[in-house]
Amino acid sequence: MFKLLRREGFFQIFWGSALLCCALALICWPKEVSAAVKEGLGLCYNVILPSLFPFFILTSLTISLGLAGYLGRLLEPVMGPVFHLSGACAAPLVLGFIGGYPVGARAALTLYESGSCSKSECERLLGFCNNSGPAFILGVVGAGVFADSRVGVLLCLVHGLASVCVGVLFRFYKGREWKGGHGGTGPITACRFSEAFTGAVSGAVTSTLNICAFVITFTVILRLCFLSGLLPALAGLLGRLLAPLGFTEVWAQRLLTGLLELSSGVWTLTGEGSLTGRVSMAAFLLGWAGISVHCQVLSFLGRSGLNVGTYIFGKLLHGVVSAGLTAALFRFLGMDRTVSAYLADQVTGIAGVDFSTALTLSTVAAWVVFLAFFALAVAGSRRHRRRG
């Protein structure tokens, strides 16, 4: 009885005290909270809605119309040996790279709910398919934060390479259960377009509203943490603990901010510090994605029964690998090499435009890639029928 009271009573007192502090904070800083809510709403209106809503519709249509199955038949020779996943899992991976958080996770869950992949496959896929989109890395981080398109290119390449590395490592997680996959060999089922389209739109509305709610909530939480002095105090404690590793209070505050919310974290990297350290931390934060993004993903998972720990560990591993690769590239290759400069010249026009234009370009690119995969899938299906 004492142990039960000690455990449950502690958590009840803790959460009760936390809620009381939040209520007092709302009373003490009403103007600041209102400003944070408006900031979150502006972020949702200018970024979340135009970037994620069309990708959610695209994701649902890809799965419901059976296109993931056709892609699976084409990409099974790649997805199988490399990741121990069925070919159909290529659709969430591609959509996750183009659409950004949390499009890949939503696509993976939709694939699992439709029966196109097994539980273990979906768990492994969630660990590395939920990635940042190129518009955010090139437009916001590269051009906006570091004012250098070469940094955006480097982070984009490292982010993708680290995701693939995590996927290769995750092939050993329940890898023996993989026996050729579902998407490449199983029967392809598809809904009527009218049913798929209406379901895709209604589902996209619900998913987008959930994400907007989390974005606004974490914007307010982060503002209250600054106003109350909680975040600076934790940063000071973390800075002292990590002082032997070269961490200061400024770096600790950047890290804590990015662990909570990605956008706010990367914007803190515009200040002092070496370029290598700031870019490496940006790479880690992009791989980790932030607790705000994780809550968005968890709102999708719900009662799916999937292992959330696998997803969290995958994102942490993604961040660590990204930071390590970035530091290594800065040390051994340098940013002034010919290849890096050449790549930077190819994307300067994209990385230098404003964020809304970059989002539009990203959406157009998503549809181009989707139509290209669709054409390949149709061609592969016709060949399969002829052989049959």
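Helices α3 (67-83) and α8 (149-169) each put at least two residues into a nonpolar patch on the surface of this predicted model. The patch is made up of Val78, Val82, Val164 and Val168, and together these side chains leave about 250 Å² of accessible area. Val78, for its part, sits in helix α3 and comes out as partly exposed, because its relative accessible area is 47% and the partly exposed class runs between 20% and 50%. As for the spacing within the patch, an α-helix has 3.6 residues a turn, so residues three or four places apart point the same way.

Just past α3, things look rather different for Gly87. This glycine is found in the loop between α3 and α4 (90-99), and it counts as buried because its relative accessibility is 0%, under the 20% cut-off. Gly87 also pairs up with a residue of Leu type further back: its C-alpha and that of Leu75 are separated by 4.9 Å, with the two positions twelve residues apart along the chain.

Zooming out, the fold is helical through and through, with 17 helices and zero strands. Of the 388 residues in the protein, 47% are buried. The accessible surface adds up to about 19,000 Å², and carbon and sulfur atoms account for 68% of that. Contacts reach a long way along the chain: taking those between residues at least 6 apart in sequence, 79% join residues at least 24 apart.

Now for the inside. In soluble globular proteins, nonpolar side chains tend to be buried together. Here the largest nonpolar core has 81 residues, and the members touching the most other members are Leu126, Phe146, Leu155 and Leu286. Helix α9 (residues 193-228) is the top contributor to this core, with nine residues. A second core, separate from that one, has five residues, among them Ala25, Val33, Ala36 and Val220. Back in the largest core, Leu286 has quite a list of partners once residues up to four places away in sequence are set aside: Tyr101, Ser132, Phe136, Ile137, Val141, Leu155, His159 and Leu262.

Three of those partners, Phe136, Ile137 and Val141, turn up among the buried residues of α7. Helix α7 (residues 134-145) is mostly covered, with nine of its twelve residues buried. Besides the three just named, the buried set takes in Ala135, Leu138, Gly139, Val140, Gly142 and Val145. After α7 comes Ala147, which has a positive phi, near 55°.

Thr326 shows that a polar residue can be tucked away too. It belongs to helix α15 (residues 308-332) and counts as buried because its relative accessibility is 0%. Its side chain finds a partner in the backbone oxygen of Ser322, at 2.8 Å. Leaving out residues up to four places away in sequence, Thr326 touches Leu154, Leu155, Val158, Val279, Ser280 and Ala283. Leu155 is thus a shared neighbour, in contact with Thr326 as well as with Leu286.

Finally, α9 is not hidden at every position. Phe197 lies in this helix, yet it counts as partly exposed because its relative accessibility is 38%. Its C-alpha is 9.5 Å from that of Leu58, even though the two residues are 139 apart in sequence.

Methods
Residues are numbered from 1 along each chain as its sequence is written. This is a predicted model: local features need pLDDT of at least 70, side-chain atom pairs count only at pLDDT 80 or more; totals for chains, interfaces and linings use all residues. Side-chain values use heavy atoms; hydrogens and water are left out. Helices (H or I, at least four residues) and strands (E, at least two) are DSSP runs, numbered from the N terminus. Buried means under 20% relative accessible area, exposed over 50%, partly exposed in between (1.4 Å probe, protein chains only). A polar contact is a pair of N or O atoms within 3.5 Å; within protein, one must be able to donate a hydrogen and the other to accept it, and residues adjacent in sequence count only if both atoms are side-chain atoms. Contact means heavy atoms within 4.5 Å. A nonpolar core is a set of buried Ala, Val, Leu, Ile, Met, Phe, Trp, Tyr and Cys residues joined through side-chain atoms within 4.5 Å. Patches are made of residues with over 30% relative accessible area and no salt bridge: like charges are joined within 9 Å, nonpolar side chains (Val, Leu, Ile, Met, Phe, Trp, Tyr) within 5 Å. Accessible areas come from the Shrake-Rupley method with a 1.4 Å probe; for residues, only the protein chains shown count as cover. A salt bridge is a side-chain nitrogen of Lys or Arg within 4 Å of a carboxyl oxygen of Asp or Glu.
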